[in-house]
Amino acid sequence: MDTIIVTGASSGFGEAIARRFLAEGYNVIAIARREEKLMDLAHNFPGKVHALALDITDKHAVEECLSNIPEYFENITALVNNAGLSLGFGPAQDNNINDWETMVNTNIVALLHITKKVLKMFKEKNQGHIINIGSVAAYYPYMGSNVYGATKSFVHNFTLNLKTDLEGSNIRASCIAPGLSKTEFAVVRFKGDVEKADSLYENKTYLTADNIAETVFWTFSLPANVNINVMEVMPTGQSFALGFTKKQDEK
Ligand SMILES: NC(=O)c1ccc[n+]([C@@H]2O[C@H](COP(=O)([O-])OP(=O)(O)OC[C@H]3O[C@@H](n4cnc5c(N)ncnc54)[C@H](OP(=O)(O)O)[C@@H]3O)[C@@H](O)[C@H]2O)c1
């Protein structure tokens, strides 16, 4: 059976994407740091999940684990680069430089290491699909998005460049860019402050993780000659920015 690699499979979109593919009978290589969450998934789909509890920014661990995939999971047909995060919601001048580095290392550098490794396997078979989870933050700035939005612009641009380099091959490259969605994303962003995270969704419509899982599965399940390049997905009620018009400071 074909195998799908899903990074960030311990919660939110990644967990829903893993479950969506598992429900269709695919094997899943599930990657995230929280082992107990990956084990819950594995228990629900016995024999179908290869759980890799690792930090994707640890390039040696990534290299080691992806070089030693059990035979049953070896036939990899898609990589969903979903693991990612945003830290902080303040303007650039107030944000923590370490948080910026963590976002760059996770959303960009780790994604590159995993992609490079899996792309080699795809090139050997001349088949495969790389689906990157971007964000509407790549296209529409909002106050406090700064480095997070910029990392997602990278994901968008990298996907399109990858597609260009894959010209003439059977390998597909897609970027799915979700809008406001309710997952653990905001709790992580506000460093565990659930109340603050919940306030982000007050009086707003938002997407669910299942909505995005469906979008990813649909993108993958299209005929092999069809490549979704980029897809923006927003809740019906969302406008293009999350922020508010602020009064200019009086000097
Ligand atoms: N929610 C939104 O509104 C929204 C909108 C647009 C795009 N996105 C993007 O969607 C993707 C998924 O986010 P989500 O909303 O589903 O948030 P989430 O519920 O917080 O899930 C993030 C996932 O990434 C994993 N992860 C984070 N850092 C990792 C690391 N260093 N190593 C391994 N795994 C790591 C987490 O697992 P562990 O903590 O167990 O490691 C978790 O499984 C992200 O790329 C995010 O930028 C989210």
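Start by selecting Val194, which is found in helix H7; helices (H or I, at least four residues) and strands (E, at least two) are DSSP runs, numbered from the N terminus. The model is predicted, local features need pLDDT of at least 70, side-chain atom pairs count only at pLDDT 80 or more, and totals for chains, interfaces and linings use all residues. Residues are numbered from 1 along each chain as its sequence is written, and side-chain values use heavy atoms, with hydrogens and water left out.

**Helix H7 and confidence**

Val194 is partly exposed, with a relative accessible area of 43%. The classes are buried (under 20% relative accessible area), exposed (over 50%) and partly exposed (in between), computed with a 1.4 Å probe on protein chains only. Now add Thr57 to the selection: 137 residues separate Val194 and Thr57 in sequence, and their C-alpha atoms are 26 Å apart in space.

Colour by pLDDT, the predictor's confidence in each residue, from 0 to 100. The protein has a mean pLDDT of 95, and 96% of its residues reach 70 or more. Among the elements, H7 (residues 194–199) has the lowest mean, 96, and E1 has the highest, 99.

**Strand E1**

Select residues 3–7, strand E1. Five of the five residues are buried, so the strand is largely enclosed by the rest of the structure. Which way do the residues of E1 point? Thr3, Ile5 and Thr7 point one way, Ile4 and Val6 the other way, and all are buried.

Next show E2, residues 27–32, which pairs with E1 in the parallel sense over five bridges. Two strands count as paired if DSSP finds at least two bridges between them. Within this pair, Ile4 stands opposite Val28 in E2. Add helix H1 (residues 12–23): E1, H1 and E2 make a right-handed β-α-β unit. Right-handed here means that, with the strands pointing away from the viewer, the path from the first strand over the helix to the second runs clockwise.

**Strand E4 and its neighbours**

Move to E4, residues 76–81, which runs parallel to E1 and is joined to it by four bridges. To find the register, select Val6, which stands opposite Val80 in E4, and Ile5, which stands opposite Leu79 in E4. Strand E4 is mostly covered, with six of its six residues buried.

Continue to E5 (residues 128–133), which is parallel to E4 and joined to it by four bridges. Here Val80 stands opposite Ile131 in E5. Displaying H4 as well completes another right-handed β-α-β unit, made of E4, H4 and E5.

**The largest pocket**

Rolling a probe the size of a water molecule over the atoms shows where empty space is left. The search uses a 1 Å grid over the protein atoms alone: a cavity is a set of points where a 1.4 Å probe fits but cannot get out, a pocket is an open set with protein on both sides within 12 Å along at least five of seven lines, and lining residues have an atom within 4 Å of a point.

The largest pocket has a volume of about 920 Å³, where grid points are joined across faces, edges and corners and the volume is the space filled by probe spheres set on the points. Of the 43 residues that line the largest pocket, select Asn82, Ala83, Gly84, Leu85 and Phe185, the closest to its centre. H1, E2, H4 (97–125), H5 (146–165) and H6 (185–189) each supply at least two residues of the lining.

What is the lining made of, by class? It has 21 nonpolar, 16 polar and six charged residues. Ala, Val, Leu, Ile, Met, Phe, Trp, Tyr, Cys and Pro count as nonpolar, Asp, Glu, Lys and Arg as charged, and the others, Gly among them, as polar.

**Loops and chain ends**

Select Lys191 in the loop between H6 and H7. Lys191 is not a glycine, yet its phi is positive, about 50 degrees. Its relative accessibility of 53% makes Lys191 exposed.

Then go to Asn203, in the loop between H7 and H8 (209–221). Its phi is near 55 degrees, again a positive value in a residue other than glycine. Asn203 is exposed, at 83% relative accessible area.

Select Met1, in the segment before E1. Met1 is exposed, with a relative accessible area of 53%. Its C-alpha is 9.8 Å from that of Thr77, 76 residues away in sequence.

End at Gly237, in the segment after strand E7 (230–233). Gly237 counts as exposed at 60% relative accessibility. The C-alpha atoms of Gly237 and Ser174 are separated by 25 Å, with the two residues 63 apart along the chain.
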